[in-house]
Amino acid sequence: MLALAVTLHNIPEGMAVGVVLAGWMSGDSGITSAGTLALSIGIAVQNFPEGAIISVPLRGEGMGKGRAFLYGVLSGAAEPLAAALTVWAAGLILPALPYLLSFAAGAMIYVVVEELLPEASAGEHSNLGTLFFAAGFTLMLVLDVALG
């Protein structure tokens, strides 16, 4: 279920990159090549922990290193495909992008609440998981307010 949620989450992320790239390619003055590159790099960097979210539990369940790594990589393969599709169909995708991004956020929230939080609360170091969750949530709120 986690692999499916992360894969579904990657589709709208790829679409976001595709929309910015399509806007830059069309000559929209508000979109710069530096902005397009910054978004692409930012999305790419955050894909490393997303791949680990898939690979590490699979490895912990006994799957081989190569196969677990491959599944993590494949979960992110949806992103460049969605970006390419979005560049190709930019005029049709733009109006639906907010809904697709909302779907991606909802999928990840569901996975966090249903799977990750209960697992983090189990065991002898459950307070540590709660503290890091609170710290991460606080950091995201601060960044949201500071960066708009």
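This is a chat about the pockets in a predicted model.

Student: Hi! What volume does the largest pocket have?
Tutor: Hello! The largest pocket has a volume of about 1200 Å³. Its lining is made up of 28 residues, and those closest to the pocket's centre are His9, Ile53, Met108, Val112 and Met140.

Student: Which helices supply at least two residues of that lining?
Tutor: Four elements do so: α1 (2-25), α2 (33-60), α5 (97-121) and α6 (126-147).

Student: Okay, and which one gives the most to the lining of the largest pocket?
Tutor: That is α5, with 12 residues.

Student: How do the lining residues of the largest pocket divide into nonpolar, polar and charged?
Tutor: There are 18 nonpolar residues in the lining of the largest pocket, along with 7 polar and 3 charged ones.

Student: Let's switch. How much space lies in the second largest pocket?
Tutor: About 280 Å³.

Student: And which residues line the second largest pocket?
Tutor: Going along the chain, you meet Met1, Leu2 and Ala3, then Ile53, Ile54, Val56, Pro57 and Leu58, and finally Glu115, Leu116 and Glu119. The elements giving two or more residues to this lining are α1, α2 and α5.

Student: Which of them gives the most to the second largest pocket's lining?
Tutor: Here it is α2, with 5 residues.

Student: What about nonpolar, polar and charged residues in the second largest pocket's lining?
Tutor: The lining of the second largest pocket has 9 nonpolar residues and 2 charged ones, with no polar residues.

Student: Ile53 came up twice, didn't it? Where does Ile53 sit?
Tutor: Well spotted! Ile53 is one of the residues closest to the centre of the largest pocket, and Ile53 also lines the second largest pocket.

Definitions and conventions. Residues numbered from 1 in each chain as written. Predicted model: local features only at pLDDT ≥ 70, side-chain atom pairs only at ≥ 80, totals over all residues. Heavy atoms only, no water. 1 Å grid on protein atoms, 1.4 Å probe; cavity = no way out; pocket = protein on both sides within 12 Å on 5 of 7 lines; lining within 4 Å. Points joined across faces, edges and corners; volume = space filled by probe spheres on them. Nonpolar A, V, L, I, M, F, W, Y, C, P; charged D, E, K, R; others polar.
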